[in-house]
Amino acid sequence: MSLATIITSLQANGLDIDSPAPDLTVTDHSGESVDLSALLGTGKVVVFFYPMADTPGCTKQACSLRDGWATLQERGVSIIGVSSDRPKAQKKFKDKYALPYRLIADTDQAVAKAFGMGRWCRQAYLFIDGKVAWRDLSASTGRQYEDVIAALDKLEGPASEE
């Protein structure tokens with residue numbers, strides 16, 4: 001294992017399964033203050049971290065979840081994206097790619113730190129009623145939606161087809 005891999009794994013420990021939602025006030029893409037623990041407190045919510053808006057990998061990750069939005073909504077899942085970009089950049093990213101979910105502007109890295117990240121990296125979490133039910137500490141880019149569906153299927157079984 002390379003030194004870079006070791007350092008990355010030490011910096012990206014993430015929240016453990018069953019950890020409660022961090023209690024933070026954050027700023028979304030529109031500049032609005034939002035209570036993160038309230039957003040994550042009820043139902044199923046995917047929180048995904050991406051290093052920088054409108055870069056190739058981050059765009060693939062965000063658009064993967066956008067493209068699966070209808071199915072995730074049918075399964076009762078909300079989505080929140082988080083990066084260190086400013087609200088204006090988050091809004092531009094959201095509008096450019098028609099992202100139907102809220103983006104958090106973590107300019108002071110408070111959210112990243114609360115999730116146990118020593119540096120920005122691609123991660124994803126599924127919260128169910130305020131607790132981490134699944135986590136992916138090296139989240140994929142173009143397959144983020146499929147990874148979330150696989151986690152949901154494992155946790156609660158595949159969605160029934162009527």
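1. A quick definition before we start: helices and strands here are DSSP runs, numbered from the N terminus, with at least four residues for a helix and at least two for a strand. Angles are taken between N-to-C directions and run from 0 to 180 degrees. Also keep in mind that this is a predicted model.

2. With that in hand, look at helix H5, residues 87–96. H5 lies across S4 and S5, and runs at about 155 degrees to S5. Under it, strand S4 (residues 77–83) pairs with S5 in the parallel sense, over 4 bridges. If you want a spot to click on, serine 83 stands opposite alanine 105 in S5.

3. Now zoom out to the sheet. There are 5 strands in an open sheet, in the order S5-S4-S3-S6-S7, and the pairing is mixed. Strand S5 (102–105) and strand S7 (131–136) sit at the edges, each pairing on one side only. On average, neighbouring strands are turned by 25 degrees against each other, direction ignored.

4. Helix H7 (residues 144–156) also packs on this sheet, touching strand S3 (44–49), S4, strand S6 (123–128) and S7. The direction of H7 makes about 130 degrees with that of S7.

5. Next, the cores. The largest nonpolar core has 23 residues, and those touching the most other members are Phe48, Leu65, Leu72 and Tyr101. Two or more residues come from each of S3, helix H3 (56–67), S4, S6 and H7. H7 gives the largest share, 5 residues.

6. Leucine 65 is a good place to look around in that core. Which residues is leucine 65 in contact with, leaving aside its neighbours within four places in sequence? They are Phe48, Leu72, Ile79, Tyr101, Gln144, Tyr145 and Val148. Apart from this core lies another one, of 21 residues, with Ala21, Phe49, Ile104 and Val111 among them.

7. Then the aromatics: a search of the whole structure finds 11 aromatic pairs. One of them joins phenylalanine 49 and phenylalanine 115, edge-to-face, at 4.8 Å centre to centre and with 65 degrees between the planes. Phenylalanine 49 is in strand S3 and phenylalanine 115 is in the loop between helix H6 (110–114) and S6, so this pair ties together parts that are 66 residues apart in sequence. Both phenylalanine 49 and phenylalanine 115 are buried.

8. Phenylalanine 49 has tyrosine 125 as a partner too. Why is that pair edge-to-face? The planes stand at 80 degrees, and over 60 counts as edge-to-face, with the ring centres 6.3 Å apart. This pair also links distant parts of the chain, since phenylalanine 49 is in strand S3 and tyrosine 125 in strand S6, 76 residues apart. Phenylalanine 49 counts as buried because its relative accessibility is 0%, and tyrosine 125 is buried for its 0% as well.

9. There is an aromatic cluster worth colouring in your viewer: Phe48, Tyr50, Trp69, Phe93, Tyr97 and Tyr101 form one. Phe48 and Tyr101 come up again in the largest nonpolar core, where they are among the residues that touch the most other members.

10. Last stop, serine 19, in the loop between helix H1 (3–11) and strand S1 (25–27). Is serine 19 buried or exposed? Buried: its relative accessible area is 16%, and the cut-off is under 20%. A polar atom of the serine 19 side chain lies 2.8 Å from the backbone oxygen of aspartate 16. Setting aside neighbours within four places in sequence, serine 19 is in contact with Phe127, Gly130, Lys131 and Val132.

How values were computed: Residues are numbered from 1 along each chain as its sequence is written. This is a predicted model: local features need pLDDT of at least 70, side-chain atom pairs count only at pLDDT 80 or more; totals for chains, interfaces and linings use all residues. Side-chain values use heavy atoms; hydrogens and water are left out. Two strands pair if DSSP finds at least two bridges between them. Contact means heavy atoms within 4.5 Å. Rings of Phe, Tyr and Trp (its six-membered ring) pair if their centres lie within 6.5 Å; planes under 30 degrees apart count as stacked, over 60 as edge-to-face and the rest as tilted. Buried means under 20% relative accessible area, exposed over 50%, partly exposed in between (1.4 Å probe, protein chains only). A polar contact is a pair of N or O atoms within 3.5 Å; within protein, one must be able to donate a hydrogen and the other to accept it, and residues adjacent in sequence count only if both atoms are side-chain atoms. A nonpolar core is a set of buried Ala, Val, Leu, Ile, Met, Phe, Trp, Tyr and Cys residues joined through side-chain atoms within 4.5 Å.
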